[in-house]
Amino acid sequence: MYSNLDKMSGIYKVALALVFVLALTSLVEFSDGGAVDNKVLVTINNTLSDNKMLTVRCKDKHDDLGIRKIKPEDIYQFYADEAFLWSCSFQFGNKFHQFDIYDKNRDAGFCPNGCYYEVEDNKLCQIKFYAYEPRDTHCFDWNGKRID
């Protein structure tokens, strides 16, 4: 016959196994950094001069994420479906620009784990990180031409 202690021990083992499986599942799901279910994490950092507020609106052919205001040195993040071209409009001061923030043909090789951008007055710079250390940078003018 099993005692109550043996029954508790069995329940404890089952619960522990369930927690382990759930933890392992989440590690596998997020093991590629910023990518989740064919989505890429896009991060936009406002590094404009003179503490300017940055207004951003990002969308693809299916989703419009609405208007976001990004304070100086603050970030805005969203998941972009990598199957579609994502474009953002940027407004600061009296300037208005449009930029394809995620283009699979251009970006999949450079930022497979998420695209990080710093928005400056005259350009956007896409920064590739390795183990949280910035390593490579691609900068674009506001017409989309690579300038680095």
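**View 1. Strand E7 and its pairing with strand E1 in the predicted model.** Four of the five residues of E7 are buried, so this strand is largely enclosed by the rest of the structure. E7 pairs with E1 in the parallel sense, and the pairing runs over five bridges. Within this view, Thr-43 can be found standing opposite Tyr-116, the latter a residue of E7. Cys-115 counts as buried because its relative accessibility is 1%.

**View 2. Lys-39 of strand E1 and its spatial relation to Ala-83.** Lys-39 lies in strand E1, and with a relative accessible area of 32% this lysine is classed as partly exposed, because the value falls between the limits of 20% and 50%. Although 44 residues separate Lys-39 from Ala-83 in sequence, their C-alpha atoms are 8.3 Å apart in space.

**View 3. The largest nonpolar core and the strands that supply it.** This core has 26 residues, and those with the most contacts inside it are Ile-44, Leu-54, Phe-78, Phe-90 and Ile-101. Two or more residues are given to the core by each of strand E1 (39-46), strand E2 (54-59), strand E4 (75-81), strand E5 (86-92), strand E6 (95-102) and strand E7 (115-119). The largest share, four residues, comes from E5. In soluble globular proteins, nonpolar side chains tend to be buried together.

**View 4. The surroundings of Phe-78.** Phe-78 is buried, as its relative accessible area is 6%. When neighbours within four places in sequence are left aside, the residues in contact with Phe-78 are Val-40, Leu-41, Val-42, Ile-44, Cys-58, Leu-65, Trp-86, Cys-88 and Ile-101. Among these contacts are Cys-58 and Cys-88, which are joined to one another by a disulfide, and Ile-44 and Ile-101, which are listed with Phe-78 among the residues with the most contacts inside the core.

**View 5. An aromatic cluster of Tyr-76, Phe-78 and Trp-86.** A search of the whole structure finds six aromatic pairs. The rings of Tyr-76 and Phe-78 have centres 5.6 Å apart and planes at 35°, so this pair is described as tilted; both residues are buried. Phe-78 also forms a tilted pair with Trp-86, with 5.3 Å from centre to centre and 40° between the planes. Trp-86 counts as buried, at 2% relative accessibility. Through these ring pairs, Tyr-76, Phe-78 and Trp-86 are linked into a cluster.

**View 6. The disulfide of Cys-58 and Cys-88.** The sulfur atoms of Cys-58 and Cys-88 are 2.0 Å apart in this disulfide, and the torsion about the S-S bond is about 110°, so the link is right-handed. The pair connects distant parts of the chain, with Cys-58 in strand E2 and Cys-88 in strand E5, 30 residues apart. Cys-58 counts as buried at 1% relative accessibility, and Cys-88 counts as buried at 0%.

**View 7. The disulfide of Cys-111 and Cys-115.** Here the S to S distance is 1.9 Å, and with 45° about the S-S bond the link of Cys-111 and Cys-115 is right-handed. Cys-111 is buried, with a relative accessible area of 3%, and Cys-115, described above with strand E7, is buried at 1% relative accessibility.

**View 8. The disulfide of Cys-125 and Cys-139, with the pattern of the chain.** The sulfur atoms of Cys-125 and Cys-139 lie 2.0 Å apart, and the torsion about their S-S bond is about 105°, so this disulfide is right-handed. Cys-125 lies in strand E8 (residues 124-130) and Cys-139 in strand E9 (residues 133-140), so the pair ties together parts that are 14 residues apart in sequence. Both Cys-125 and Cys-139 are buried. The count of disulfides comes to three, and with bonded cysteines counted along the chain they follow the pattern 1-2, 3-4, 5-6.

**View 9. Arg-106 over the ring of Phe-140.** Arg-106 lies over the face of Phe-140, at 4.9 Å from the ring centre. Phe-140 falls within strand E9 (residues 133-140), the strand that also holds Cys-139.

Notes:
Residues are numbered from 1 along each chain as its sequence is written. This is a predicted model: local features need pLDDT of at least 70, side-chain atom pairs count only at pLDDT 80 or more; totals for chains, interfaces and linings use all residues. Side-chain values use heavy atoms; hydrogens and water are left out. A nonpolar core is a set of buried Ala, Val, Leu, Ile, Met, Phe, Trp, Tyr and Cys residues joined through side-chain atoms within 4.5 Å. Buried means under 20% relative accessible area, exposed over 50%, partly exposed in between (1.4 Å probe, protein chains only). Contact means heavy atoms within 4.5 Å. A disulfide is a pair of cysteine sulfur atoms within 2.5 Å. Rings of Phe, Tyr and Trp (its six-membered ring) pair if their centres lie within 6.5 Å; planes under 30 degrees apart count as stacked, over 60 as edge-to-face and the rest as tilted. A charge sits over a ring if NZ of Lys or CZ of Arg is within 6 Å of the ring centre and within 35 degrees of the ring normal. Two strands pair if DSSP finds at least two bridges between them.
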